[in-house]
Amino acid sequence: MTISPLDHSFTRWDELLALILAAFTSMNGRIDPPSSALTLTAESLAEKARAEIGHVAVDEGKLVGCLFLRPEADCLYIGKLAVLPSAQGKGLGKRLLAIAEETAEKLGLPALRLETRIELTDNHAVFAAWGFSRTAEKAHPGFARPTFVEMRKTLAPAIQAV
């Protein structure tokens, strides 16, 4: 399996969209409001890749995972971390997270940040096991109740050579 950055040579947008939709399908009917993944198109994914830092995981020629990263003032935001259901539970999510950590280090950002839906307590547990802590509960526009959890992971400072 290889994990590669998305660059100008990537053309498999329809397959990437199908991967994200497959990875997020278990959320359908469980979360409110529905996932923003449902509004993605091949074109909007291509635009997202131009605006953010994307990576794809390929196994035997098939897209099996992806990750989108967006630098913010004090952290690196992790969005659309997706692994095909058939590839879940094999460490790919953790490998993608390691790429996020390496990217944050290269950019000089001290933390990672992500958001996960309030209903997805299994995700909360996975992210906590990966070193993330819950920092806030927030609501999507138009909702009076919390709809998502913000989680952060503070990264160890890089050791400076003397």
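Reader: In which strand does Lys-80 lie?
Author: This is a predicted model: local features need pLDDT of at least 70, side-chain atom pairs count only at pLDDT 80 or more, and totals for chains, interfaces and linings use all residues. Residues are numbered from 1 along each chain as its sequence is written; side-chain values use heavy atoms, with hydrogens and water left out. Helices (H or I, at least four residues) and strands (E, at least two) are DSSP runs, numbered from the N terminus. Lys-80 falls in strand β4.

Reader: Is Lys-80 buried or exposed?
Author: Buried means under 20% relative accessible area, exposed over 50%, and partly exposed in between, with a 1.4 Å probe and protein chains only. Lys-80 has a relative accessible area of 16%. That makes Lys-80 buried.

Reader: What is phi of Lys-80?
Author: Lys-80 is not a glycine. Its phi is nevertheless positive, at about 50°.

Reader: Which residue in the loop between β2 and β3 has a positive phi?
Author: The residue is not a glycine, and its phi is near 50°. Its relative accessibility is 80%, which means that it counts as exposed. The residue in that loop is Glu-60.

Reader: Where is the cis peptide bond that ends at Pro-33, and what is its omega?
Author: Pro-33 sits in the loop between α1 and α2. The bond runs from Asp-32 to Pro-33. Its omega is near 5°.

Reader: How far apart are the end C-alpha atoms of α1?
Author: Helix α1 covers residues 13-24, which is 12 residues. The expected span of a helix is 1.5 Å times one less than its number of residues. For α1 that gives 16 Å, and the model agrees. The end C-alpha atoms are apart by 16 Å.

Reader: What arc do the buried residues of α1 cover?
Author: The buried residues are Trp-13, Leu-16, Leu-17, Leu-19, Ile-20, Ala-23 and Phe-24. They lie on the same side of α1, because the arc around the axis is limited. The arc is that of the directions from the helix axis to the C-beta atoms. Its extent is only 160°.

Reader: Which elements do the buried residues of α1 pack against?
Author: Packing here rests on contact, meaning heavy atoms within 4.5 Å. One helix and three strands take part. They are α2 (42-51), β2 (53-59), β3 (62-71) and β4 (76-83).

Reader: Which residues of α2 are exposed on the side away from its buried residues?
Author: The buried set in α2 is Ala-42, Leu-45, Ala-46, Lys-48 and Ala-49. Seen down the axis, these fall within an arc of 160°, so they line one face of the helix. This buried set packs against α1, β3 and β4. On the other side, the exposed residues are Glu-43, Arg-50 and Ala-51.

Reader: How many disulfides are there?
Author: A disulfide is a pair of cysteine sulfur atoms within 2.5 Å. The sulfur of Cys-66 has its closest cysteine sulfur in Cys-75, 19 Å away, which is too far for a bond. Cys-66 counts as buried at 0% relative accessibility, and Cys-75 counts as buried at 0% too. A search of the whole structure gives a disulfide count of 0.

Reader: Is His-55 buried or exposed?
Author: His-55 lies in strand β2. Leaving aside neighbours within four places in sequence, its contacts include Ile-3, Pro-5, Cys-66, Leu-69 and Ile-99. At 8% relative accessibility, His-55 counts as buried.

Reader: What is the volume of the largest pocket?
Author: On a 1 Å grid over the protein atoms alone, a pocket is an open set of points where a 1.4 Å probe fits, with protein on both sides within 12 Å along at least five of seven lines; lining residues have an atom within 4 Å of a point. Grid points are joined across faces, edges and corners, and a volume is the space filled by probe spheres set on the points. The largest pocket is lined by 42 residues, and Phe-24, Met-27, Leu-81, Asn-123 and Phe-127 lie nearest its centre. Its volume is about 1100 Å³.

Reader: Which element gives the most to the lining of the largest pocket?
Author: α1, β4, α3 (92-107), β5 (111-117) and α4 (121-129) each supply at least two lining residues. The top contribution is 7 residues. It comes from β4.
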